[in-house]
Amino acid sequence: MKPLNEMKLSFPSRSANEGFARAAVAAFVSQLDPAVDELADIRTAVSEAVTNCIVHAYPDTIGTVYLSARLFPDGRVSVKVRDKGCGIADVKQAMEPLFTTGGEERSGLGFSVMESFTDKLRVSSKKGKGTTVVLEKYIALREPAAGAARQP
C-alpha cells in the first residue's frame with residue numbers, strides 16, 4: 001500500500017534529541033487526527049526506540065540516529081528508528097523483559113514498552129553494523145465533521 005505521506009530525519013545521538021524526535025513524530029502523525037491516547041502511545045514508543053540508540057548503539061561516542069515515518073490510508077503509522085552503532089548480538093535475548101547491557105541504572109524494559117504501546121514491533125540487528133526498529137500503530141479513522149474534508 002502506498003503511503004499518504006512520509007518524512008525522514010537524522011540527528012546526533014544526544015539525549016537532548018530524544019524529545020525532538022518524539023515531538024517531530026507526534027507533529028507528523030497529527031495529520032491523521034489521532035486520539036490523545038493514540039498519540040501518547042506513539043510518542044512513548046518512539047522515545048524508547050530513540051533512547052535505545054542513544055544509550056546502547058553508541059555507548060562511547062556520538063553517532064547518527066535515522067528516523068522515518070509513513071502514514072497509510074488505513075490509519076497505519078509506521079515509524080523506523082535506525083542506527084549504525086554496535087548492534088545487538090542476540091535480539092531475542094535483548095527483547096526479554098529486564099535484560100539490559102546498560103548497567104544497573106537501566107531497567108531493561110525498552111523493547112517491552114515499545115511492544116505494549118504499538119500494534120507491531122520488528123527489530124533487526126547485525127553486530128557491529130547497527131539496529132533497525134520498526135514500530136507500527138493503527139490510528140482509528142474518524143468521520144470528518146459535517147462539511148469538513150479529511151486531510152491526510
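Where does Thr118 lie, and between which two elements?

**Exercise 1. Place Thr118 and describe its surroundings.**

This is a predicted model, in which local features need pLDDT of at least 70, side-chain atom pairs count only at pLDDT 80 or more, and totals for chains, interfaces and linings use all residues. Residues are numbered from 1 along each chain as its sequence is written, and side-chain values use heavy atoms, leaving out hydrogens and water.

- Step 1: Thr118 sits in the loop between α4 (110-117) and β4 (120-126). Helices (H or I, at least four residues) and strands (E, at least two) are DSSP runs, numbered from the N terminus.
- Step 2: With a relative accessible area of 10%, Thr118 is buried. Buried means under 20% relative accessible area, exposed over 50%, partly exposed in between (1.4 Å probe, protein chains only).
- Step 3: A polar atom of the Thr118 side chain lies 2.8 Å from the backbone oxygen of Met114.
- Step 4: Skip the neighbours within four places in sequence, and Thr118 is in contact (heavy atoms within 4.5 Å) with Ala45, Leu135, Glu136 and Lys137.

**Exercise 2. Work out whether Ser68 is buried or exposed, and what it touches.**

- Step 1: Find Ser68 in strand β2 (residues 64-71).
- Step 2: Ser68 counts as buried because its relative accessibility is 18%.
- Step 3: Now look at Lys8: it is 60 residues from Ser68 along the chain, yet their C-alpha atoms are separated by 4.2 Å.
- Step 4: Leaving aside neighbours within four places in sequence, the contacts of Ser68 are Met7, Lys8, Ser78, Val79 and Lys80.

Conventions. A polar contact is a pair of N or O atoms within 3.5 Å; within protein, one must be able to donate a hydrogen and the other to accept it, and residues adjacent in sequence count only if both atoms are side-chain atoms.
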